[in-house]
Amino acid sequence: VSFRGIVGHERPIGLLRAALGSGRLPHALLFYGPEAVGKATIARRVAMALLCDQGGDEGCGTCRSCGRIERGLHPDVLHVGRLPAKGPANPSEPAEAAGPEPAGANLRKEILVGQIRELAEHASFGPREGRRRVFLLDPADRMNAAAQNALLKTLEEPPSSTTFILLATRPHLLLPTIRSRSVGIRFGLVPIPKLEDELRGRGCSREEARARAVLSEGRPGRALTLDVPAEIERMEAAVRVLERLGGRPDSAEELAELASEMAGSSEEDLANNLELFAALLRKAARADLGAPAPGAEALEPRLANIGRRLGAGRAYAMVRAIERLEGDLRFNLNRTLVAEAILAGIAGGPDPLR
Ligand SMILES: [Zn+2]
């Protein structure tokens with residue numbers, strides 16, 4: 001497979017290829033950029049390139065090592081993510097061959113210092129069977145301060161034959177010293193037409209490819225998995241909320257009810273909803289709404305109305321407020337209060353975020 005089959009990201013892949021080809025891959029890499037664009041996939045491909053049984057500059061994708069990396073089972077590729085919310089903070093089971101964070105699970109808000117100490121210990125042993133050990137820290141921006149300081153010590157005196165790949169959507173939450181000890185590689189959104197072509201190549205109809213590319217906003221990971229009708233429904237529900245708030249909520253009860261809906265039942269729900277509202281407000285604030293997703297055309301004039309009523313300045317101010325709160329979700333914020341603050345801000349009451 002090597003880096004083939006990956007949509008977009010020509011520049012990061014070019015940099016990685018050059019580094020791998022010359023045998024000068026930095027010992028610590030920081031992959032940063034939006035969620036679901038392919039950072040984790042490319043990080044795994046780097047691990048394959050380093051550990052492939054065939055020994056070439058890029059992973060073959062078919063040997064035993066590459067296969068185990070793909071499935072998260074290689075003993076020299078360790079993944080450090082958030083632990084399940086329920087369960088011991090320091091599992092007696094070592095993080096051996098730990099796969100990525102389980103999707104949809106209720107996870108702790110942070111990566112804990114104990115996990116990083118364990119990583120440091122593992123790193124000091126050297127590879128088990130391969131030529132190197134690769135540590136994938138994903139999401140690295142969820143390390144708390146103590147965990148980051150512990151990692152810094154390891155990055156300052158990196159054990160030989162060890163590669164660290166940090167993945168982050170919000171790199172500014174990492175200590176400047178961690179950022180300066182790693183080589184940053186930025187990943188952007190994939191252009192919609194490119195993603196559309198890729199989806200058509202995988203057998204999607206023109207309509208379906210267009211809808212998936214637009215609704216995912218250029219995130220291949222999401223484009224492949226999203227449920228198109230459900231996504232349009234979700235957008236419609238959010239547009240309805242924005243319309244109701246534009247007319248000011250009838251009562252505090254209504255606001256509370258909308259907020260509890262927005263808060264959902266997990267941090268992930270709230271994060272997804274915040275992201276959706278920010279995307280809609282951004283669209284509403286722009287006079288140019290871009291080409292709509294097939295099936296969501298009717299929402300465009302309604303969004304334009306919302307934009308006119310809110311005004312671009314206020315809409316962008318709300319987008320910034322949402323972005324700030326998204327960064328704060330790792331702290332123990334009350335989900336419903338976060339949602340209420342955002343909705344009240346959109347409704348135009350006294351700004352609760354100041
Ligand atoms: Zn291989």
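Which residues in H4 meet which residues in H5? Before the answer, some ground rules. This is a predicted model, where local features need pLDDT of at least 70, side-chain atom pairs count only at pLDDT 80 or more, and totals for chains, interfaces and linings use all residues. Residues are numbered from 1 along each chain as its sequence is written, and side-chain values use heavy atoms, with hydrogens and water left out.

Now the answer. From H4, Val-113, Ile-116, Leu-119 and Ala-120 meet Ala-146, Ala-147, Ala-150, Leu-151 and Thr-154 of H5; contact means heavy atoms within 4.5 Å. By class, that contact has eight nonpolar, one polar and no charged residues.

Next, geometry. H4 covers residues 113–125, and H5 covers residues 145–156. They pack at about 15 degrees, axes 8 Å apart. H4 and H5 are therefore roughly parallel (angles under 35 degrees count as that, over 145 as roughly antiparallel). Their crossing is right-handed, meaning the near helix is turned clockwise from the far one by less than a right angle.

Second pair: H14, residues 312–328, and H15, residues 335–347. Their axes come within 10 Å and cross at roughly 170 degrees. That makes H14 roughly antiparallel to H15. This contact has seven nonpolar, one polar and one charged residues. Arg-314 and Met-318 are among the H14 residues there.

Last, the zinc ion. Its protein donors (N, O and S atoms within 2.8 Å of the metal) are the SG atoms of Cys-52, Cys-60, Cys-63 and Cys-66, at 2.3 to 2.4 Å. Their spacing is C-x7-C-x2-C-x2-C. The four donor atoms subtend angles of 102 to 119 degrees, so the arrangement is tetrahedral (all angles between 85 and 135 degrees).

Notes. Axes are lines fitted to C-alpha atoms, for helices over the stretch in contact, and angles run from 0 to 180 degrees between N-to-C directions. Helices (H or I, at least four residues) and strands (E, at least two) are DSSP runs, numbered from the N terminus. Angles under 35 degrees count as roughly parallel, over 145 as roughly antiparallel, 65 to 115 as roughly perpendicular and the rest as oblique. Ala, Val, Leu, Ile, Met, Phe, Trp, Tyr, Cys and Pro count as nonpolar, Asp, Glu, Lys and Arg as charged, and the others, Gly among them, as polar. Donors are N, O and S atoms within 2.8 Å of the metal (3.2 Å for Na, K and Ca); water is not among the atoms, so sites may look incomplete. Four donors count as tetrahedral if all angles lie between 85 and 135 degrees; four count as square planar and six as octahedral if opposite donors are over 155 degrees apart and all others between 65 and 115; anything else is irregular.
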